[in-house]
Amino acid sequence: MEETVTLASGTKMPRVGLGTWKSKPGEVTNAVKCAIDEGYRHIDCAWAYCNEDEVGVALNEKLSSGQVKREDLFVCSKIWNVDHHPDDVKNACLKTLKALQLDYLDLYLIHWPMAYKRGEERFPKDENGKFYYTDTDFVDTWKAMEKLVDEGLCKAIGLSNFNKNQIDRVVAAGRIPVSILQVECNPYITQENLREYCKSKNIVMTAYSPLGSPDRPWVKATDPSLMEEPKLVEIGNKYKKSVAQVLVRFQLQRGLVVLPKSVTPSRIKSNLQVFDFELSAEDMKTISGFNRNYRGCKLEWVADHPHFPFKDEM
């Protein structure tokens, strides 16, 4: 199996990347350094994660030492909801580049289709905790992002958490092809229809929360726990692999790029050791059978936003 995939832009993207969502301050720098030491060349970031400065410290150290060259790394970030207005897009990208201590991004995504109130506050809310929205159309955000490619600030652009109808609007209006769709994807939510749709449009699908995101901030004790499913443990034992390795391999065999997140050195290492075994067709079918269209990252508290993506099944 190839360890990279070629995007519509022509850029090569490593198929396993280090996720940095929920990585706490004080942990991210070491996690990124460890990942690069273990052979990761794809780091997934976002302004909303509030840790790009720490990622930047690690990237700068590894690049300055000569351990890796910039062209060896694939760094992705995402524009946040408060920066959707076309006049804010370039500045948002420059803020991220400054934090990451880079001259360009390999990939820049629209993190969510919903626009929030413009400004420096990442999560603008009223006194009742209700988010302030604006009506900026994500198609206009996309057109502003195309100019970033023209200027060499990013090599490829894509989408995250968009549904099929929303992607169709961007594809129809855009000048530069959509390279990536990053979505929550694991055996509880296999996104099979969306996967087939992306394939038909030459859009590479990337799976975030491939391990079920058991540490998401809003997790409840009653939520299902993917990592503890006995059948997955049994499949892991069969291949002498961990459940996490099975879950990463599952997505690779479906043709996806995968973003396992960890700050633990041993897990960072093992999450990349997934190219030396192959799940049987029967085991792939068994794992797919866990699908229940269960979203761990539903963001139901902004479900009244006009561009909320999960009203439509795809």
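**Close-up views of a predicted model**

**Figure 1. Surroundings of Q182 in the predicted model.** Leaving aside residues up to four places away in sequence, Q182 is in contact with D44, K78, L109, L159, S160, N161, T206, Y208 and L259. Q182 belongs to strand 8, which covers residues 180-184. The relative accessible area of Q182 is 3%, under the 20% cut-off, so the residue counts as buried. H111 is 71 residues away from Q182 along the chain, and the C-alpha atoms of these two residues are 8.6 Å apart.

**Figure 2. The loop that holds G10.** G10 is placed between strand 1 (4-6) and strand 2 (12-14), in the loop that links them. Its relative accessible area is 48%. Partly exposed covers values between 20% and 50%, and G10 is therefore partly exposed. From the C-alpha atom of G10 to that of D87 the separation is 28 Å, with the two positions 77 residues apart along the chain.

**Figure 3. Contact of helix 7 with helix 8.** Helix 7 comprises residues 230-239 and helix 8 comprises residues 243-253. Their axes come within 8 Å and cross at roughly 90 degrees. Angles of 65 to 115 degrees count as roughly perpendicular, and the two helices are therefore roughly perpendicular to each other. On the side of helix 7, the contact is made by L232, V233, I235 and G236. These residues meet V243, V246 and L247 of helix 8. By class, the residues of this contact are 6 nonpolar and 1 polar, with no charged residue.

**Figure 4. The chain as a whole, for orientation.** The chain has 314 residues, and its secondary structure consists of 10 helices and 10 strands. Along the principal axes, the C-alpha trace spans about 55 × 45 × 40 Å. The radius of gyration is 19 Å, which agrees with the value near 20 Å for a compact globule of 314 residues. Of the residues in the chain, 56% count as buried. The exposed area of the chain is about 13700 Å², and 48% of this area comes from carbon and sulfur atoms. Among contacts between residues at least 6 apart in sequence, 75% join residues at least 24 apart.

Note on methods: Residues numbered from 1 in each chain as written. Predicted model: local features only at pLDDT ≥ 70, side-chain atom pairs only at ≥ 80, totals over all residues. Heavy atoms only, no water. Axes fitted to C-alpha atoms, helices over the stretch in contact; angles between N-to-C directions. Helix = DSSP H or I, 4+ residues; strand = E, 2+ residues; numbered from the N terminus. Parallel < 35°, antiparallel > 145°, perpendicular 65-115°, else oblique. Contact = heavy atoms within 4.5 Å. Nonpolar A, V, L, I, M, F, W, Y, C, P; charged D, E, K, R; others polar. Rg over C-alpha atoms; globule rule 2.2 N^0.38 Å. Buried < 20%, exposed > 50% of the residue type's maximum accessible area, 1.4 Å probe, protein only. Areas by Shrake-Rupley, 256 points an atom, 1.4 Å probe, with all protein chains shown as cover.
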